[in-house]
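Let's take a walk through this structure together, one stop at a time. Have the chain open in front of you and turn it as you read.

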Amino acid sequence: MPLNPQRFLDDLHRLRSFGASGDGKGVVRQAFSDADIAARKWLAGRMKDAGLTPHFDPMGNVFGLAGEQSLLVGSHSDSQPEGGWLDGALGVIAGLEIARAAMEDGGPSISCVSFQDEEGRFGVLTGSDIWSGKQTLQEADGFSDTKGNRLAEMRQLLADQAGDFLPLRRFTGFLELHIEQGPYLEETGLGLGIVTDIVGIRDMRIIFEGRQNHAGTTPMNLRRDAFQALSAFSTALNSRFSNVVTPATVWTIGHVNLHPNAPSVVPGRVEFSMQWRDAEADRLQRMAAIIEETAKETAADHGVALAMGPVMGIEPAAMDARFQAELASAAEALAPGTWQTMHSGALHDAANMAAVMPTGMLFVPSIGGISHAFDEDTKEDDLLLGLKVLDRAARALAA
């Protein structure tokens, strides 16, 4: 039997019902929430119905296993606090359908997976991070969410389902289908994106400490205004990056805390996050040096003190050349001339998998470039084309 497109769509909509919220197709299904746990148990049931062997590991990653060694296809099914119905879920249900169809027609061994906490309630790509060995479960158990819940405690909600961690060597590689979460596929009209690499990320905290004072009586030339320092820093940084970055490089100042944040008080302190992303580790390092130099000069110019936290980050991850080639071959066969190669500016579980096994990733368009929002959506024809291309590549790679 070939793929069953209607069954795939039905399962995709059924998964959406777990945590359905907001107008349209939004979901609220954070890791280890009631909706997430219910969805994972439902997924395990669908895997069993398909003839696969469901397996929960101690982190809550749920696998549908075929044979002693197989290709692994999947993504994640947890969501942002306010998320869309396709982010992660598309790859999970595509993996389920591809593995199920292969099982039904005696095809090659293909397993599927839904990783836990990709969206970072307790870390960054937490489920695949731990399984791939980037960090230990003991380290991650100390992580807390924004409400103070510890991962060690939340994992107990699935403890009755959990078995051991599966050995990585059980799988010959990993494929992930995902919505692009950006505008490029839609803008170019080339509706399939074969990912060449997933960008690296650097993140740090910066503090400018000035002098809080009366906004009506403190002359401008005597102010040590923390917000003015932040504004000058941002402007200078944009200018200094211009000769270093590429059109695909991005950087963001966010999570700004201004103190005392009052209309009649000169701000005495500002703390903010600085994040930058690029596919080249060397460029990320050069950007870090520019950030540090600019922050120091800004602090001196505005008479404020400077404190900089450690630079945290995730390294760029290249996709496997053979997996890219099979995806390209499948795309050209099923949608000739309508695909492109591209970077991924967002993090995905494939970034962790690329460090431990051959990995490939395929994008389909996001309507309006919207994701991490209740109105996230993709045309049904694009969903089905992505499924078919991934299936063709998966069978070739698993054979």
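Start with what lies over the buried residues of helix α9: the cover includes strand β7 (200-209), helix α8 (226-241), and the strands β9 (250-259), β11 (269-278) and β12 (305-308). Keep in mind that you're looking at a predicted model. The helix under that cover, α9, runs over residues 281-302, which makes 22 residues. From its first C-alpha to its last it reaches 32 Å, close to the 32 Å expected at 1.5 Å a residue.

Which residues of α9 are buried? Going along the helix, they are Arg283, Leu284, Met287, Ala288, Ile290, Ile291, Thr294, Ala295, Thr298 and Ala299. If the spacing of those numbers catches your eye, here's some background: an α-helix has 3.6 residues a turn, so residues three or four places apart point the same way. Once you run off the end of α9, you come to Gly303, whose phi is positive, near 65°.

Two of the elements covering α9, β7 and α8, turn up again when we look at rings. The model has twelve aromatic pairs. Take Phe63 and Phe115: their planes stand at 85° with the ring centres 6.4 Å apart, so this pair is edge-to-face. It also links distant parts of the chain, since Phe63 belongs to strand β2 (residues 62-65) and Phe115 to strand β4 (residues 110-115), 52 residues apart. Both Phe63 and Phe115 are buried.

Now for β7 and α8. Phe208 and Phe233 make another edge-to-face pair, 6.0 Å centre to centre with 70° between the planes. Here Phe208 comes from strand β7 and Phe233 from helix α8, so distant parts of the chain are linked again, this time 25 residues apart. Phe208 and Phe233 are both buried.

Back to Phe63 and Phe115 for a moment, as they have company: together with Trp131, Phe171 and Phe174 they form one aromatic cluster. Another ring has a charge for a partner. The charged end of Arg16 sits over the ring of Trp85, 5.9 Å from its centre.

Next, find Arg170, in the loop between α6 (151-154) and β5 (171-179). Is Arg170 buried or exposed? Its relative accessible area is 18%, and buried means under 20%, so Arg170 counts as buried. What does it touch, leaving aside neighbours within four places in sequence? Arg170 is in contact with Leu65, Gly67, Glu68, Gln69 and Ser70. In the case of Gly67, 103 residues separate the two along the chain, while their C-alpha atoms are 9.2 Å apart.

Let's finish with a few spots where the backbone deserves a look. His259 and Pro260 are joined by a cis peptide bond, with omega at about 5°. Pro260 itself lies in the loop between β9 and β10 (265-266).

Then there's Phe32, which isn't a glycine but has a positive phi, near 70°. You'll find Phe32 in the loop between α1 (5-16) and α2 (34-49), and at 2% relative accessibility it counts as buried. Leu125 is another non-glycine residue with a positive phi, in this case about 50°. Look for Leu125 in the loop between β4 and α4 (126-131); with a relative accessibility of 2%, Leu125 is buried too.

Technical notes. Residues numbered from 1 in each chain as written. Predicted model: local features only at pLDDT ≥ 70, side-chain atom pairs only at ≥ 80, totals over all residues. Heavy atoms only, no water. Helix = DSSP H or I, 4+ residues; strand = E, 2+ residues; numbered from the N terminus. Expected span 1.5 Å × (residues − 1). Buried < 20%, exposed > 50% of the residue type's maximum accessible area, 1.4 Å probe, protein only. Contact = heavy atoms within 4.5 Å. Phe/Tyr/Trp six-rings, centres within 6.5 Å; stacked < 30°, edge-to-face > 60°. Lys NZ or Arg CZ within 6 Å of the ring centre and 35° of its normal.
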